[in-house]
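Colleague: Could you take a close look at one helix and how it packs against its neighbours? Please explain each term as you go, since I am new to this.

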Amino acid sequence: MQTFDRQALAQALSDIPTGQFEQVAFVLQIPHGILPGPQTPQAERATALLKWAETSGSGLNEVQATIDEILGDFLERAYPRSILRQSS
C-alpha cells in the first residue's frame, strides 16, 4: 500500500460519493459532533475528519486503510504518483 499525503486524502474524501464517505466515518467511529452536518460541503466534512484523525483519532494511515477497505485501490487509481508521500 502506498502512503498518501494529507492533500491526497483530503481530495479523495471530498471526491468519493456521500454514501461511501459516511461508511468511512462509520468504520473509523468518528464521535458524534465531530463532523459538520450532511448539508455542509463534503470538502469541509473531509477536513474535519482528517483533523480528528490526526489529533485524537487513529491517524491518517488508518483513514487511508479504511478508504482502501471500502473502495479497493481507489487512491492508487484516482490520484497520480506525484501526490504520493515517499515512505521511509
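Modeller: Among the elements of the protein, helix α3 (residues 42–55) has the highest mean pLDDT, 95, and helix α5 (residues 74–78) the lowest, 65, where pLDDT is the predictor's confidence in each residue, from 0 to 100, and helices are DSSP runs of H or I of at least four residues, numbered from the N terminus. This is a predicted model, in which local features need pLDDT of at least 70 and side-chain atom pairs count only at pLDDT 80 or more, while totals for chains, interfaces and linings use all residues. Residues are numbered from 1 along each chain as its sequence is written, and side-chain values use heavy atoms, with hydrogens and water left out.

The helix to look at is α2 (residues 18–27), whose axis comes within 10 Å of that of α4 (residues 60–71) and crosses it at roughly 130 degrees; axes are lines fitted to C-alpha atoms, for helices over the stretch in contact, and angles run from 0 to 180 degrees between N-to-C directions. The two helices α2 and α4 are therefore oblique to each other, a word for angles that are not under 35 degrees (roughly parallel), over 145 (roughly antiparallel) or 65 to 115 (roughly perpendicular). In this contact, meaning heavy atoms within 4.5 Å, Q20, Q23, V24 and V27 in α2 meet T66, I67, I70 and L71 in α4.

Against α3, helix α2 packs at an angle of about 15 degrees, with the axes 12 Å apart, and α2 and α3 are therefore roughly parallel to each other. Here T18, F21, E22, V24 and A25 in α2 meet Q42, R45, A46 and L49 in α3.
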